[in-house]
Amino acid sequence: MKQMHKKNSLTRELTSTMQYKLREQNILKFAGRTIRHSRGHHTMLFVFVFVSVFFCLNFFTPVVNAEMSPKEMLQKADEARGNMEGIQWNISMDSLENGTEQHRKLKVIARGYDSFIDTLEPANVKGQKLLMQDRNMWFSKPDLSKPVPISPRQKLMGGASNGDIAATNYADDYKIVHTSEGAVKDEPCIVMELQAVDNKATYDKIKYWVSKERLVGLQAEFYTVSGKMFKTAVFEYKNTVMINEKPREFISKMTITNAIMKNDVTTIHYSKPILKKVSNAVFNLNIMTK
Amino acid sequence: MKQSFLFFFSFMAVLLWWPPFAGADDVGEVKPTESQTFKAGDAGYANQSLLDKFQGSLFADFRVLTYGVIQEPNNTTQNPNNNFLQIPHYTADVELRPDLRFDSKYLELSAKPRAKLELREWEDGSRSGETQWKDDWYVNEWLVRLNAMNKVYVSYGRENLQWGPSFIFSPSNPFFRDNGRSNPYTEVLGMEFGRLVFIPSSAWTMSFIVNTDEGRNMLVWSEPFEKTYALKVDYMGGENYASVIISEKDYKKTLGYFAGWTVSDAVTLYSEGSFTQGSQALYPKKDLSILGAPMQKVHEDDSEIEPIILLGGSYTLDGGGTLTLEYVYNGPGYSKEETETYYKLRRYGALAFNLGNILPSPVGPLVGAWGQQTLIETFYPGLKMLQNNYAMLQYTQTNILNKIDLTLRWTENCDDSSFQVLTIVSYALGNHMELFTSGILNTGGEETEYGSLIKYQVMFGIKFTL
C-alpha cells in the first residue's frame with residue numbers, strides 16, 4: 001500500500017515535470033534519436049531509466065528518502081522550519097490561555113542560530129524586541145533603557161517558547177535515541193524520540209513525527225526531564241520557498257496545545273518567508289534601536 | 001518653540017491614524033490557508049515605487065502617559081524640612097512620547113521629541129501649600145546614522161547609551177549614573193555621542209565612542225562637563241558574551257567590563273565592573289576647621305586601583321517567573337570611618353543651612369551658603385553608590401494571565417542595613433491601553449543611604465499607545 005502510494009505520487013510528479021522539461025530541452029528528440037540509433041531493447045531501457053533518475057535527482061526536493069538516515073531526515077525537516085542561511089518572515093500568533101485570548105504579530109529575521117524578533121502588533125507591545133544570538137538572549141522594549149538578558153526558558157506568549165518562532169536545529173541540539181514507524185493522518189512517518197544532547201536545549205525530550213515522503217516534521221510531543229508531556233504541536237507546510245531553483249516546502253502553521261489544559265492553544269502562522277542574506281548588524285546589540 | 005512642538009505632536013497623532021503610516025511595517029492580513037511561493041529576495045522591493053519604499057522605511061510610535069505621584073520626603077540632615085531639595089508631595093503629569101524613525105539601506109534617522117506637563121504641590125517646608133505648573137518641551141533622543149556595507153556604522157546624536165546585564169547599576173558605563181532600571185516609566189535623559197561601530201564578524205564588534213555634550217542629562221550641581229572617550233570591544237559566543245570598555249575622562253582612565261554566560265535553559269550568570277586608579281569622587285576629610293570636615297577629592301591622585309565588581313545570576317522557573325540575585329562590591333565607596341565623618345559633616349551642613357535664614361547678615365548668608373554647598377556635595381559626591389557592599393533580589397514575571405507584568409525588587413546597603421523595596425505592576429487594558437503602578441518603600445534611619453531622601457513613593461497611571 002505504501003509502495004503503491006509512493007509510486008503513484010512519484011509517477012504523477014515525474015510525469016508532469018518530465019513533460020515540461022522534456023518539451024523545453026528537446027530531450028525527447030534526443031532520446032528518440034538515441035533510441036532509434038541504439039541497438040536492442042537493453043539500450044532503450046537503460047536510457048529510459050537514466051533519464052528518469054536524472055530528473056528525479058535534479059528536479060525534486062526532497063528525493064525519495066529510502067537511503068537517508070534518520071539524522072539526515074531530521075536535518076531536512078529542520079530546513080523546512082527555518083534553519084537556513086538567512087530568512088525573514090512575518091508571524092501571527094494567537095493564544096488562548098485560561099480562557100483569555102491574546103494576539104501578536106511579529107517580524108522575524110533568522111540566520112542559523114541567530115534570530116531577531118520585532119513585535120508589530122498590538123499597539124501596546126509594538127516595538128518590543130527579542131534578540132537571540134545562539135543561546136544568548138536579550139529583550140528590549142521602548143520603555144526600557146537597555147536590553148535585558150533573559151534565559152531561553154522565558155516564555156514568549158501563551159504556549160509558545162522563543163525557540164518555536166525562530167529557526168530550529170533539532171539535528172544538532174538533540175540525539176535520536178529511538179525510531180519507529182508511525183503515521184499522521186495516514187501520511188507515513190518516521191517517529192523519532194529525541195533527547196537533548198545537553199541541558200542547553202529548550203526541551204529535554206521530543207517525540208517527533210517526520211514525514212517519510214516530504215521530510216518535514218508533522219507532529220511533536222514535548223517532554224520535561226521527568227518524562228512528563230507538557231505540550232504537543234502540529235505543523236503545516238503550505239509555504240514554498242525556492243532553493244537553488246528547486247521548490248521546498250516551508251512551514252506555514254504550528255499549533256501548540258497544552259497537554260494538561262487542552263483548551264490552552266497557541267497557533268502560530270508563518271507567512272511571507274523571504275530568503276535573503278542577513279548581515280551581522282541585524283543581530284548586534286550596539287546597532288539595535290529601541 | 002512650544003507652538004512648534006504642539007503642531008508637531010498633533011501632526012504626529014493624525015499621521016499615526018492614517019493607514020499608510022499606522023503600521024508602516026504592517027504586511028496585511030495573514031492568509032495561512034493559501035499556499036505561497038517565494039523566491040529569494042522576493043519582497044517585491046525592486047518593483048516598488050519610490051513612495052512605497054519611502055513609506056516602508058518610516059516607523060512611528062506615539063505614546064501618551066498620564067500619571068500621578070505621591071511621595072513622602074524624609075526630614076533628614078540631607079534635606080532638612082524639605083527646604084533643600086524641595087521635593088513635591090504630589091505631582092500630576094501628562095507626557096507625550098512620539099518616537100520617529102526613518103530606516104533605509106544606508107541612512108537611519110530617528111528622533112524622540114517629548115512634551116511633559118506637570119503640576120506639583122508641596123505640603124511642608126518653605127513651599128508648603130504651594131502649587132506649580134511646569135511644562136517641558138524637548139528632544140530626549142535623536143540620531144543620524146550612516147551604514148557602510150553593513151560593517152561600519154557612523155552616528156552622531158543624543159542617546160540614552162546603556163549596556164550591560166546589571167540591575168542595581170551599571171559600573172562599566174562611564175557615561176550614565178542611572179541605568180533606568182529602577183523605573184521603566186521615567187526616561188533617562190539623553191546625552192550627545194559620536195560613535196563609530198565596526199562589525200568585522202558575527203562574534204566581534206568594536207566601537208569608538210565620544211561623549212561630546214551632556215545634552216539633557218545635566219546635573220545642576222555637578223562639575224563642568226568634560227568629554228569622555230571610550231573604546232568598547234564586544235565578543236559574542238554561542239552561550240556567552242563579554243565586553244571590555246576603556247574610557248578616558250580628564251586624563252583619568254577607567255577599564256570597564258561585563259560578561260554573561262547562559263549556563264542552561266533556566267540559569268544565567270553575569271558580572272560587570274570597572275577598575276580606576278584612584279577616585280574622582282568627593283570624600284569627607286577630617287581637618288581642624290571649626291566648621292568640620294569639608295568634602296574633597298582626596299583619592300584623585302592615588303595609585304591604588306579601585307574596583308567595582310558586580311556578580312549576578314538569574315533562574316527562570318517553569319512557570320516563567322525569574323529570580324535574580326546581585327551583589328556589588330563598590331571599592332570607591334566610603335569606609336565605615338568615612339561614612340561616620342560624612343554624616344557628621346551632613347549634620348553640620350544642615351545646621352548651617354538652617355542658620356542661614358536665622359542669623360543676621362553678613363554672617364547668616366555666608367553660613368547658609370556654606371551649608372548649602374556642603375549639602376550639595378553630600379547629595380552628589382560623585383559616587384554611584386555611597387558605601388561598599390550591596391545586594392539585590394528581584395522577581396519578575398511577564399504576561400501573567402496574558403495581561404499582567406510584575407517586578408518585585410529588594411535592594412540593600414549591606415553596610416548600613418538600609419534597604420529599598422520596589423514594585424512595578426502593569427495591566428493591559430485591551431490593545432492600546434495599559435494601567436501601571438510603581439511603588440518604592442525606603443527603610444533605614446535618617447543617616448542611612450536609603451533613608452536619606454524619601455520614605456515612600458507611589459506612582460500610578462495610564463499609558464495609551466496609538
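Begin with chain B of this predicted model, where, of the contacts with a separation of 6 or more, 56% are accounted for by residues 24 or more positions apart. Colour the chain by secondary structure and five helices and 21 strands should appear; colour it by burial instead, and buried residues come to 34% of its 466 residues.

Next, select residues 336-355 of chain B, which form helix α4. This helix has 20 residues and spans 29 Å between its first C-alpha and its last, close to the 28 Å expected at 1.5 Å a residue. Show its side chains and pick out the buried residues, which are B:Thr339, B:Tyr342, B:Tyr343, B:Leu345, B:Arg346, B:Tyr348, B:Gly349, B:Ala350, B:Ala352 and B:Phe353. What covers these buried residues of α4(B) includes two strands, β13 (283-284) and β14 (295-296), together with helix α5 (363-379), again of chain B.

Keep α4(B) on screen and add α5(B), whose axis comes within 7 Å of that of α4(B) and crosses it at roughly 145°; the crossing is left-handed. On the α4(B) side, the contact is made by B:Tyr342, B:Leu345, B:Arg346, B:Tyr348, B:Gly349, B:Ala350, B:Ala352, B:Phe353 and B:Leu355, while α5(B) contributes residues including B:Gly364, B:Val367, B:Trp370, B:Leu375 and B:Thr378. Taken by residue class, this contact divides into 10 nonpolar residues, seven polar ones and one charged.

Move on to B:Tyr427, found in strand β19 (residues 419-429) of chain B. Is this tyrosine buried or exposed? B:Tyr427 is partly exposed, because 15 other C-beta atoms lie within 10 Å, whereas 20 or more would be needed for it to count as buried. Leaving aside neighbours within four places in sequence, B:Tyr427 is in contact with B:Lys403, B:Ile404, B:Glu434 and B:Leu435. For a sense of scale, draw a distance from B:Tyr427 to B:Gly164, 263 residues away along the chain: their C-alpha atoms are separated by 28 Å.

Now turn to chain A, which has six helices and 17 strands, and in which buried residues make up 41% of the 290 residues. Among its contacts between residues at least 6 apart in sequence, 48% join residues at least 24 apart.

Select helix α4 of chain A, residues 70-79, and display its buried residues, A:Met73, A:Leu74, A:Lys76, A:Ala77, A:Asp78 and A:Glu79. These pack against helix α6 (170-173) and against strands β9 (174-184), β10 (187-196), β11 (205-211), β12 (217-223) and β15 (246-250) of chain A.

From there, go to the largest nonpolar core, which has 50 residues and in which A:Ile206, A:Tyr208, A:Val210 and A:Val216 have the most contacts. Centre the view on A:Val210 and, setting aside neighbours within four places in sequence, look for its contacts with A:Met73, A:Leu74, A:Ala77, A:Cys189, A:Ile190, A:Met192, A:Leu215, A:Val216 and A:Gly217. Apart from this core lies another, of 24 residues, among them B:Ala281, B:Met295, B:Ala350 and B:Met385.

Finish where the chains meet, by selecting the 56 residues of chain A that are in contact with 65 residues of chain B. On the chain A side, β1 (87-97), β2 (100-111), β7 (155-157), β14 (239-243) and β17 (265-275) each supply at least two residues, and β17(A) gives the most, with six. Coloured by class, the chain A side of this interface divides into 17 nonpolar, 25 polar and 14 charged residues.

Key: Residues are numbered from 1 along each chain as its sequence is written. Chains are lettered from A and ligands numbered from 1 in the order in which they are written. This is a predicted model: local features need pLDDT of at least 70, side-chain atom pairs count only at pLDDT 80 or more; totals for chains, interfaces and linings use all residues. Two residues are in contact if their C-beta atoms, placed from the backbone, lie within 7 Å. Helices (H or I, at least four residues) and strands (E, at least two) are DSSP runs, numbered from the N terminus. Ala, Val, Leu, Ile, Met, Phe, Trp, Tyr, Cys and Pro count as nonpolar, Asp, Glu, Lys and Arg as charged, and the others, Gly among them, as polar. The expected span of a helix is 1.5 Å times one less than its number of residues. A residue is buried if 20 or more other C-beta atoms lie within 10 Å of its own, exposed if 12 or fewer, and partly exposed in between; C-beta atoms are placed from the backbone. Axes are lines fitted to C-alpha atoms, for helices over the stretch in contact, and angles run from 0 to 180 degrees between N-to-C directions. A crossing is left-handed if the near helix is turned anticlockwise from the far one by less than a right angle, and right-handed if clockwise. A nonpolar core is a set of buried Ala, Val, Leu, Ile, Met, Phe, Trp, Tyr and Cys residues joined through C-beta atoms within 7 Å.
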